[in-house]
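User: I've got a structure open here and would like to talk through how the chain is put together. Could you walk me through it?
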Amino acid sequence: MDEPVKRPSVNPLDKLSRLTPRAALSRLKGLNDRQFTAVSAGLGLALAAGAVLAAGPWDSGQRKAETDLAAARNRTGGAHHEPAAPSGPAPAPSATAVLAALSSAVDNSAPDARTAQDGSAAALRAALGPLLKDPALGKRRSAVVIDTASGEQLYGQGAGTPMTPASTVKIATAVAALSALGPDHRVATTVRASADSRGIVLVGGGDPTLDKAALRRLAADTARALKDRGVDKVRLGYDTSRYSGPARHPIGPNENIAPVSALMTDEGRLDSTDRGPAPRSDDPAGDTARTFAKLLDGAGIDTGSGPKPGRPPAGSEKVAEHRSAPLSALVERALTNSDNDIAEALARQTALAAGEPADFDGGRRAVTAQLKKLGLPLKGADLADGSGLDRKDKVTAGLLAGLLARAADPDRPELRPVLTGLPVAGFSGTLSDRYTGKSAGTGLIRAKTGTLTGVNTLAGTVVDRQGRLLAFAFLASGTTSPSDAQSALDALATALASRPH
């Protein structure tokens with residue numbers, strides 16, 4: 001069983017925005033005072049500013065509207081959501097400033113290397129030890145918990161044991177891509193014309209999120225440029241040479257991933273979905289080029305016998321371009337929805353930045369090299385693909401937790417989308433239906449899930465009752481019941497959120 005078996009929302013606040021006040025309050029039952037305060041403040045912000053947040057696209061790790069709101073308030077907590085109307089309710093109380101301890105003075109150069117010396121380790125052993133013995137976690141399991149502010153490893157069991165990560169490997173892919181390219185990088189799809197403008201080539205840059213609306217705008221811009229040159233008939237080609245190597249993932253034809261191509265529309269989906277499994281095109285590049293030809297014909301440019309594969313001729317000139325959403329948004333979408341197509345594109349974009357061939361092997365070398373630059377524990381790691389669908393992937397719990405701790409480092413703001421893209425327990429993405437309103441972890445845990453047949457994993461962050469932001473990774477293999485294994489993993493993460501002082 002491969003993971004993307006759900007069709008979750010990309011918007012972490014989507015469920016919140018649909019909750020009635022009564023339903024929202026029911027989510028809070030069973031929480032302790034600190035958790036109630038934190039979650040109720042978040043609910044208040046979501047319900048008050050939901051329309052604003054829904055308006056803007058994801059940009060550099062958070063919505064534009066959220067950025068503007070934060071800049072205008074320039075405060076921490078929930079006490080100043082909006083000016084209070086004379087007859088309106090009092091402002092919600094401020095939530096604990098859980099990130100306040102993350103300062104530039106903290107050395108997170110090796111967050112996996114130090115072990116806690118206080119009572120935290122003993123408390124975690126008492127809380128997690130019995131839960132890790134749950135038979136639902138299969139024959140092998142490993143766990144690591146890191147305090148992101150101090151860099152201390154608070155707990156570790158099999159921390160250095162390489163295991164199959166499934167989709168949690170997307171965390172490594174995302175960190176590498178952001179490190180190599182930066183959160184503002186955009187992937188371009190272009191149209192280039194020959195010197196006489198009688199031949200044009202649609203050039204794929206590797207954007208799997210190119211949609212039909214963007215392709216239509218690209219065709220309109222192309223038609224306008226050609227008409228300005230007095231051209232109304234062209235030979236159309238399409239270029240996929242930016243990527244190399246086999247297009248098929250090693251798992252073969254699969255509804256969870258399209259053939260990996262530098263040119264595709266809507267991730268090669270043949271239905272109306274934009275996430276989760278779907279029937280996929282066998283030739284996403286050719287399909288995209290043929291759609292582009294029809295759009296050009298509709299715009300008054302005759303493309304003759306149709307598009308053919310080929311590269312732009314020497315001396316060609318760019319006449320139109322479409323750029324993807326920023327890399328930060330692509331990372332968030334990949335993590336929230338466990339999007340395999342975007343994850344493989346991120347690995348190839350990392351390979352291109354490193355001067356490697358944009359194929360599976362080049363992606364593995366480039367991602368590994370980027371993580372090595374970050375000083376992370378790579379012993380035993382094998383990043384065979386970007387998505388986690390390949391069972392040859394091997395990582396350690398120490399590596400996954402270390403990646404998340406690194407993303408929380410205030411000196412590395414470019415990695416923040418790794419944290420903001422994690423699904424929220426009980427509300428968004430692949431965790432939307434894994435926590436109930438009575439769970440102590442609902443709304444407090446953000447984590448990437450991983451599921452293959454016999455493999456279940458969970459890695460993310462949680463705020464404990466002391467207000468500390470913890471990074472954790474739990475890996476299990478040899479599992480026989482996915483639902484039971486997921487419940488056992490969720491119980492481990494919940495224990496972090498609810499453990500006593």
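Analyst: A definition is useful before we reach the hairpins: two strands pair if DSSP finds at least two bridges between them. Please also keep in mind that this is a predicted model.

User: Fine, so how many helices and strands are there?
Analyst: The protein has 14 helices and 13 strands, and buried residues make up 56% of its 501 residues.

User: What share of the contacts comes from residues 24 or more positions apart?
Analyst: Counting contacts with a separation of 6 or more, residues at least 24 positions apart account for 70% of them. As for the surface, the protein exposes about 20,200 Å², of which carbon and sulfur atoms supply 53%.

User: Back to hairpins, then. Which residue in the turn between β11 and β12 has a positive phi?
Analyst: That is glycine 454, with a phi of about 80 degrees, in a hairpin that leaves two residues between β11 and β12. The two strands, β11 and β12 (residues 455-463), run antiparallel and are joined by eight bridges, and glycine 450 stands opposite threonine 457 in β12.

User: And is β11 enclosed or open?
Analyst: Strand β11 (residues 445-452) is largely enclosed by the rest of the structure, because seven of its eight residues are buried.

User: What does β4 pair with?
Analyst: β4 pairs in the antiparallel sense with strand β13 (residues 469-477) over eight bridges, and also in the antiparallel sense with strand β5 (residues 152-157) over four bridges. Valine 144 has alanine 473 in β13 as its bridge partner, while isoleucine 146 has glutamine 153 in β5. Strand β4 itself (residues 140-147) is mostly covered, with seven of its eight residues buried.

User: How many residues sit between β4 and β5?
Analyst: Four residues lie between β4 and β5 in that hairpin, and glycine 151 in the turn has a positive phi of about 80 degrees.

User: Switching topic: what's the strand order in the open sheet of five strands?
Analyst: The order is β9-β8-β7-β6-β10, with mixed pairing. The edge strands are β9 (308-309) and β10 (317-323), each of which pairs on one side only. Strand β8 (residues 235-239) and β9 run parallel and are joined by two bridges, with tyrosine 238 standing opposite proline 309 in β9.

User: Which helices pack on it?
Analyst: Helix α7 (residues 212-228) packs on the sheet and touches β6 (188-193), β7 (199-203) and β10, its direction making about 160 degrees with that of β10. Helix α8 (residues 284-298) also packs on the sheet, touching β6, β7 and β8, and its direction makes about 150 degrees with that of β8.

User: Now charges. How many salt bridges do you count?
Analyst: The count comes to 18 salt bridges. One of them joins arginine 364 and aspartate 361, whose closest N and O atoms are 3.1 Å apart. Both of these residues lie in helix α11 (residues 360-373), three residues apart, about one turn of the helix.

User: What about arginine 365, who's its partner?
Analyst: Arginine 365 forms a salt bridge with glutamate 356, and the closest N and O atoms are 3.0 Å apart. Arginine 365 counts as partly exposed because its relative accessibility is 38%, and glutamate 356, at 23%, likewise counts as partly exposed.

User: And the pair of arginine 468 and aspartate 464, buried or exposed?
Analyst: Both arginine 468 and aspartate 464 are buried, and their side chains meet in a salt bridge at 3.3 Å, N to O. Salt bridges that share partners join Asp147, Asp464 and Arg468 into one network.

User: Last thing, the nonpolar side: which residues have the most contacts inside the largest core?
Analyst: Those are Val331, Leu371, Leu403, Leu404 and Val418, in a largest nonpolar core of 45 residues. Leaving aside residues up to four places away in sequence, leucine 404 touches Ile171, Val418, Leu419, Leu422, Ala459, Gly460, Ala471 and Phe472. A second, separate core has 28 residues, including Ala136, Ala143, Ala476 and Ala488.

How values were computed: Residues are numbered from 1 along each chain as its sequence is written. Side-chain values use heavy atoms; hydrogens and water are left out. Buried means under 20% relative accessible area, exposed over 50%, partly exposed in between (1.4 Å probe, protein chains only). Contact means heavy atoms within 4.5 Å. Accessible areas come from the Shrake-Rupley method with a 1.4 Å probe; for residues, only the protein chains shown count as cover. Axes are lines fitted to C-alpha atoms, for helices over the stretch in contact, and angles run from 0 to 180 degrees between N-to-C directions. A salt bridge is a side-chain nitrogen of Lys or Arg within 4 Å of a carboxyl oxygen of Asp or Glu. A nonpolar core is a set of buried Ala, Val, Leu, Ile, Met, Phe, Trp, Tyr and Cys residues joined through side-chain atoms within 4.5 Å.
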